[in-house]
Amino acid sequence: AALLLVGCAQNEITDISPDAAPPVGFKVFTDAQTRGLITNGGASSVNATGIQTTGFGVFAYYTGQSTWASAAANTAPNFMYNQKLEKSGGAWTYSPMKYWPDNKKDCVSFFAYAPYVDEKVTSGRNPTFSGSTAKGYPTLTYSVPDWTEYHQDLLASVPLLDQTYENTVGGRIGFTMKHALGNRPQRTAQNRTASSAGNYRN
């Protein structure tokens, strides 16, 4: 299944510096269906884990004072590409730290998914991602296992487009995560069929 997480020329990020701008921070909310869980084999499974354990990935695009609608077709994830966020000491942390543009009206658009998957892993990755130079909405391709016991929840955020420091609270981005595979059929040993492709855009 392909999940579409849903600037001008590609923008160069030349006006962002830690001395002049505050860091980009994050917080996460989940819908009632997932209750914050990323699970293998159901929420009651002994190997059920939370987003705090698995972390989540972020794609972010700097478009200057252009909107995402006008710049997306020509903009790659030039601000963050599958940046891993981890819970540490009650806060979401990541490295290297990113800072808001010096011009507080400049826009950055954010997309996120969970659980985090390292794109550097050469085999067995699920989902896989569009490349770091691909322009437009990031695309995640997820293969649904035939056997239900191997199913894993996949969450995708509501896209946060055209974010500026001025329209956040203290420079923090608040993702709302949704269950991306809620409409997928359950497959068991009695109902094992080939996976079908689908497009998802939140």
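Reader: Why is glutamate 166 called exposed?

Author: Its relative accessible area is 51%, and exposed means over 50%, with buried under 20% and partly exposed in between (1.4 Å probe, protein chains only). So glutamate 166 counts as exposed. Before we go on: this is a predicted model, where local features need pLDDT of at least 70, side-chain atom pairs count only at pLDDT 80 or more, and totals for chains, interfaces and linings use all residues. Residues are numbered from 1 along each chain as its sequence is written, and side-chain values use heavy atoms, with hydrogens and water left out.

Reader: What makes lysine 105 and glutamate 166 a salt bridge?

Author: Their closest N and O atoms are 3.4 Å apart. The rule asks for a side-chain nitrogen of Lys or Arg within 4 Å of a carboxyl oxygen of Asp or Glu, so the pair passes. Lysine 105 sits in the loop between strand 7 (91–93) and strand 8, and glutamate 166 in the loop between strand 12 (160–163) and strand 13, so the bridge ties together parts that are 61 residues apart in sequence. Lysine 105 is exposed too, at 52%.

Reader: How many salt bridges does that rule give?

Author: Three. One of them joins lysine 84 to glutamate 86, with closest N and O atoms 3.5 Å apart. Glutamate 119 and lysine 120 form another, also at 3.5 Å.

Reader: Is glutamate 119 buried, exposed or partly exposed, and why?

Author: Partly exposed, because its 22% falls in between the two cut-offs. Its partner lysine 120 reaches 63%, so that one is exposed. In the other bridge, lysine 84 has 30% and is partly exposed, and glutamate 86, at 42%, is partly exposed as well.

Reader: Now the rings. Why is the pair of tyrosine 61 and tryptophan 68 called edge-to-face?

Author: The ring centres are 4.8 Å apart and the planes stand at 70°. Rings of Phe, Tyr and Trp (its six-membered ring) pair if their centres lie within 6.5 Å; planes under 30 degrees apart count as stacked, over 60 as edge-to-face and the rest as tilted. The distance makes it a pair and the angle makes it edge-to-face, so the name fits. Both partners are buried: tyrosine 61 has a relative accessible area of 1%, and tryptophan 68 has 2%.

Reader: What about tryptophan 68 and tyrosine 137?

Author: Their centres are 5.4 Å apart and their planes at 85°, so that pair is edge-to-face too. Tryptophan 68 lies in helix 2 (residues 68–71) and tyrosine 137 in the loop between strand 9 (128–129) and strand 10 (139–141), so the pair ties together parts that are 69 residues apart in sequence. Tyrosine 137 is partly exposed at 22%.

Reader: How many aromatic pairs turn up in the whole structure?

Author: There are 17. Ring pairs also link Phe26, Phe56, Phe79, Trp92, Tyr94, Trp100, Phe110, Tyr165 and Phe175 into a cluster.

Reader: What makes lysine 98 sit over the ring of phenylalanine 79?

Author: Its charged end is 5.7 Å from the ring centre. The definition wants NZ of Lys or CZ of Arg within 6 Å of the ring centre and within 35 degrees of the ring normal. The distance meets its cut-off, and lysine 98 is listed as sitting over the ring.

Reader: What is meant by the largest nonpolar core, and which residues have the most contacts inside it?

Author: A nonpolar core is a set of buried Ala, Val, Leu, Ile, Met, Phe, Trp, Tyr and Cys residues joined through side-chain atoms within 4.5 Å. The largest has 22 residues, and Phe26, Phe56, Val58, Phe110 and Phe175 have the most contacts inside it. Strand 5 (56–64), strand 6 (80–88), strand 8 (107–114) and strand 13 (172–179) each supply at least two of its residues. A second, separate core of 15 residues includes Tyr116, Val117, Phe129 and Leu154.

Reader: How do you know that leucine 85 is buried?

Author: Its relative accessible area is 0%, under the 20% limit, so it is buried. Leucine 85 belongs to strand 6, a strand being a DSSP run of E with at least two residues (helices are H or I, at least four), numbered from the N terminus. Leucine 85 touches Phe26, Gly55, Phe56, Val58, Trp92, Thr93 and Tyr94, leaving out residues up to four places away in sequence; contact means heavy atoms within 4.5 Å.
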